[in-house]
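Work through the two exercises below with the model open. Each task is followed by a solution in steps.

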Number of protein chains: 2
Amino acid sequence: MATPVSTRSVKWEKDVEEAASALERPLLYKRGTNTTSQIAVVGANTCPIESLDYEFISAFVVYVGCNTTLAAAAAALCAYIAPAAAGSGIPEIFGSILGVSAGFVLGKEGPMVHTGACVASWLGQGGSRKYGLTWNWIRYFKNDLDRRDLITCGAAAGVAAAFRAPVGGVLFALEEVTSWWRSALLWRTFSTTAVVAMVLRGLINYCRGGHCGLFGKGGLIMFDLSSRQATYTATDLAAVILLGILGGLLGALFNFLIDRILRVYSLLNKKGARYKIILTVSIAVITSCCTFGLPWLTTCTPCPPELASKCPTIGRSGNFKNFQCPAGQYNALASLFFNTNDDAIRNLFSAGTDREFGVSTLLIFFTTVYTLGLLTYGVAVPSGLFIPVILAGASFGRLVGTLLGSISGLDAGLFALLGAASFLGGTMRMTVSVCVILLELTNDLHLLPLIMLVLLIAKSVADCFNKGVYEQMVRMKGLPYLEVHAEPCMRSLVAGDVVAGPLITFSSVERVSTIVHTLRHTGHNGFPVIEDPPFAPAPELCGLVLRSHLLVLLQGRIFTRDRVKTGPAEVFRRLAPFDFAKAGSGKGLKVEDLDLSEEEMDMFVDLHPVTNRSPYTVVENMSLAKAAVLFRGLGLRHMCVVPRTQGRPPVVGILTRHDFMPQYIRGLYPNTIPR
Amino acid sequence: MATPVSTRSVKWEKDVEEAASALERPLLYKRGTNTTSQIAVVGANTCPIESLDYEFISAFVVYVGCNTTLAAAAAALCAYIAPAAAGSGIPEIFGSILGVSAGFVLGKEGPMVHTGACVASWLGQGGSRKYGLTWNWIRYFKNDLDRRDLITCGAAAGVAAAFRAPVGGVLFALEEVTSWWRSALLWRTFSTTAVVAMVLRGLINYCRGGHCGLFGKGGLIMFDLSSRQATYTATDLAAVILLGILGGLLGALFNFLIDRILRVYSLLNKKGARYKIILTVSIAVITSCCTFGLPWLTTCTPCPPELASKCPTIGRSGNFKNFQCPAGQYNALASLFFNTNDDAIRNLFSAGTDREFGVSTLLIFFTTVYTLGLLTYGVAVPSGLFIPVILAGASFGRLVGTLLGSISGLDAGLFALLGAASFLGGTMRMTVSVCVILLELTNDLHLLPLIMLVLLIAKSVADCFNKGVYEQMVRMKGLPYLEVHAEPCMRSLVAGDVVAGPLITFSSVERVSTIVHTLRHTGHNGFPVIEDPPFAPAPELCGLVLRSHLLVLLQGRIFTRDRVKTGPAEVFRRLAPFDFAKAGSGKGLKVEDLDLSEEEMDMFVDLHPVTNRSPYTVVENMSLAKAAVLFRGLGLRHMCVVPRTQGRPPVVGILTRHDFMPQYIRGLYPNTIPR
């Protein structure tokens, strides 16, 4: 009596255990004494499916039911709660748990990075006063620089926790997360991930007793392959180079397809929460059908007799799944589909089992995972790309290794690892961090030269076609992300060309009504302040003032009837420096919150105390490309453009992030203007 | 007939082999038939030293002689050849080989990093035309940016080759070498070290036959400890924390002492090449005396009977050196001193040999290596600090481990590894790169959390006392290295405060004699160019011109009799863009090379074609701290200071690297000026 085994549905465990014990017994044990004719026994033995059809149908219904329920719950969490509850990271965690449980082809590392970043961002807001989760010292982090650093550390901690790869986490933060790298950050992310490693290590030690489920299995190294000794010949190298090229091509294709699919999904998701849930549930049903249906395509394989480990394994995650096969045999596809993602990867990486997975098995599994990975990413479930990519890459690598088995002497499991590296290189386009993460996952430094080679080739090949998947998504979402290199069209433009629209400036001692009116009717966040007579002989640039600081100053009502300087002493007597600290996202003062009387509106306010007196400036005939390097290199938000010749206003424009975005510049200047 | 064994002096090999075979024979074999009384035999057995005194003296003389000769040769190479032959890296290699052969406590990785950087710099100069080592494509690297990147890659390759640690090389470049990190650099250094790894791997494979001497021993991982399984308790953690604190203290002390010693040495070295050689030879004699004399202090230990490896080892590098001991016994101190540095480290790291080295042995060895490491660095031999620090740290760690043996259950070899990490953290103050280099040296990822912890603690402790050893040396040498953070005194200064001395500017079409005269009488490398009437209605900043470009332009003799623009067409008809490419160090045009007639001197030259029209500028009242961030963040060499108010010259000064050095600023402003 064979029963499909899903390790994901916990409530099934007892049934499964029964089934497992049933499986260790002879097949027809339940019938008590053997009253059936020998033909029937033989038939049941060779083709157990026919006689047990009804059990599989009910199992399938329950399996699909569980998965769709979990998927719907995850999607509901995302669709209804997460968009509003941005910043805590808790919906992410639950959504991710539900998503992984629902059997989706998705990873937990993306949500973990997001969670880490969310927790860090929350600390950078000074904690939460609403829930009483705040300490006095946290407010020292309440500025842009520290918050940015904290978020980087949070993301590093997420990677470190997801892959148990502390050094990989540091490098991921360096290679993918930060735009502005400071050497202090290296030391800070390292401290963070060191703590993560210690905590993980402690928890794994604690869980070794076995009372934490699957957590801690495999120790600190998730797929320990260290026993494998790699020696390779020139032919092997050629095979590895081929693998790198193919991985690069597959990665580039993956990026192309995911872009198209995400665009279609975003059209659907825009229609409302209900559509999000329908889409998610549909993908869940497709996934369940694939995982349940496809293993029927393969024939049963007898367990290898020399095997030390248990075969088939039932009722727990592992290798050699029985599925519909009789005792002593296993279903290769089920060994990959009916497992946690981690265990499927471990099975593919396993050495000395070259014949375990046949060419057809690997081809079916690779195609399914590649397609499902594409379809799943972008549904309303918190999901990561790393695990699907590793899974698809490992099956692809093992497939290539099996096909080249006669030429190359390398182990099929090693090919799986290199395939994962090549596909990661082809999609993510990261090098050092992927390399270190793979090393920390597998603990095999002997393979380092091969992994480096395959990553180099895959990235180089894929870079000929398109950009990395994360960069592509940032572009697709239209986030104002500045490229490292200035666009070629910027070289033939100057800063003065792109400062569009009328410039709004304030006088250094300005009328309250002017400020309030300006803040109400523009969305700008920074304004140049001009020192006018009588405070200077001729108008000159005093500095730059931020909207948020203006609001705090206005709220403090430090006004004068006449146009005179009040000086900083008066301001800081009434307002503490901390009042000007960066507010949490969406929690700052708004211009609508100001409640000023008619009389107050007619008074003056001295902007000197809140003006940044040393704004970064460029001359209007500065090459836009060089201005972009300055803007990005220093991580600015506003940059004043000053005139080249005398006798003009002291500031002719203000550059913001949007002025350096190619799409905006191209809109202004469809054809590059020759200068 | 026991003889001291030095693996370093190659010509001794034959004698050593004979001695070795003699040692495997019974002690009194040479005497033919045993005609001596039994008492004499017993005496020779228990105290071989007395009877063989004269042999040891001659051995000592030859040993010291060889070492001093090698040391003198290395010092001569450094003192006479290297200072002039800067840029090829070849004297470095030979000097390093001689230095290591001379038995100094120094590492080969420093010179290898230097060699890598030299080769890269040489490529960045477009190769060498003199020796015919140039290709046409190399000239594309002939600019500042690419040369800087190439040098970084070269340094990474050096580390990768020295430690067989490709990822460690990338991180070393990131953490220690570069001031300006660009994400492209990560990918470039990764490609470089990947090639290094492949080549290394290939050579090691080739050398496995044994015809490359010690090279390739240990494979790609120099100290493979991967078989060791680390489980640790809270007590072990406390021991490790103690180790980290002690390592930090020792590291800070090391940095303090090395600063003092280097200052004394530099006084000696200044006196001339002869003094350099004398100093080097003296240190070589001291080192030889220590390595030869100190092993006599320990008693002989019987070889552990359960040992699988050979004991004692003679005639080759390895563990359990016999020295003066009878057969079947070993001298623990000689096992550390009479070995290559690599093998000494391997012996200290070795697991399961807790009793091999006693407390006194480790204490003597640690003290000697610590002192010799301090004394050796700074003599006129190319030397690295990594190996001495690892050696001292490993012996210190093993010492602590042996002392804490009753409390902690951790292996003494593991303590040695952690000790090396803590001492590296305490002196170098690097975290991620040291961590990864240690991982790649030992291939034991299970230890990662402990290594990270010990590094964090050691660095934090040591940072309380002084700066990292490399930073300290950069300061001591007075190199104009800009700190990441602006000095506090800069916050109360503005850019206009530090632009000292009269400003030299050129007119956009300038008289040749003015330019030649200026270039002869100032050392400046950049000059602001002013657009004067009739080319502009009022004087305005046209841009910045470099000395090297001016010289090429003058050499090209594109002069006019009248003050008119010639335009770029005329210039680029006579001069190719490549003529302006960055020349190699010391190989560019000099003002003395110009041979202009009286008539030519009186003509005009149009500077527009060679002027950088978009120089980075700051306003004179910009905070100096913010100007420093801009200057360092973009890696500038010159920055124009423009006036704040109108009606003044269009540029009021030029800022260079020196203007941001604290020592210069402090010289100008002994007391911070309140503003």
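**Exercise 1.** In this predicted model, describe how helix 7 of chain B packs on helix 9 of chain B.

Solution.
1. Geometry: helix 7 (residues 144-163) and helix 9 (residues 183-207) of chain B have axes 9 Å apart and pack at an angle of about 35 degrees.
2. Handedness: the crossing of helix 7 of chain B past helix 9 of chain B is right-handed.
3. Residues: helix 7 of chain B contributes D146(B), D149(B), T152(B), C153(B), A156(B), A157(B), A160(B) and A161(B). They meet L185(B), R188(B), T189(B), T192(B), T193(B), V196(B) and L200(B) in helix 9 of chain B.
4. Classes: this helix contact holds eight nonpolar, four polar and three charged residues.

**Exercise 2.** Characterise the contact between chain A and chain B, starting from the area that they bury.

Solution.
1. Area: the two chains bury about 6,000 Å² between them, with 67% of it on carbon and sulfur atoms. On the chain A side, W187(A), F190(A) and M452(A) lose the most area to chain B, together 11% of what that side buries.
2. Residue count: 70 residues from chain A and 70 residues from chain B take part in the contact.
3. Polar links: eight residue pairs are in polar contact between chain A and chain B, both residues being at pLDDT 80 or more. The count of salt bridges between these chains is two. R644(A) forms a salt bridge with E540(B), and their closest N and O atoms are 3.0 Å apart.
4. Elements: among those giving two or more residues to the chain A side are helix 8 (166-177), helix 18 (448-463) and strand 6 (540-546) of chain A. Helix 9 of chain A supplies the largest share, 11 residues.
5. Classes: the chain A side divides into 38 nonpolar, 19 polar and 13 charged residues.

Conventions: Residues are numbered from 1 along each chain as its sequence is written. Chains are lettered from A and ligands numbered from 1 in the order in which they are written. This is a predicted model: local features need pLDDT of at least 70, side-chain atom pairs count only at pLDDT 80 or more; totals for chains, interfaces and linings use all residues. Side-chain values use heavy atoms; hydrogens and water are left out. Contact means heavy atoms within 4.5 Å. Buried area is the accessible area (1.4 Å probe) that two parts lose on being put together, summed over both. A salt bridge is a side-chain nitrogen of Lys or Arg within 4 Å of a carboxyl oxygen of Asp or Glu. A polar contact is a pair of N or O atoms within 3.5 Å; within protein, one must be able to donate a hydrogen and the other to accept it, and residues adjacent in sequence count only if both atoms are side-chain atoms. Helices (H or I, at least four residues) and strands (E, at least two) are DSSP runs, numbered from the N terminus. Ala, Val, Leu, Ile, Met, Phe, Trp, Tyr, Cys and Pro count as nonpolar, Asp, Glu, Lys and Arg as charged, and the others, Gly among them, as polar. Axes are lines fitted to C-alpha atoms, for helices over the stretch in contact, and angles run from 0 to 180 degrees between N-to-C directions. A crossing is left-handed if the near helix is turned anticlockwise from the far one by less than a right angle, and right-handed if clockwise.
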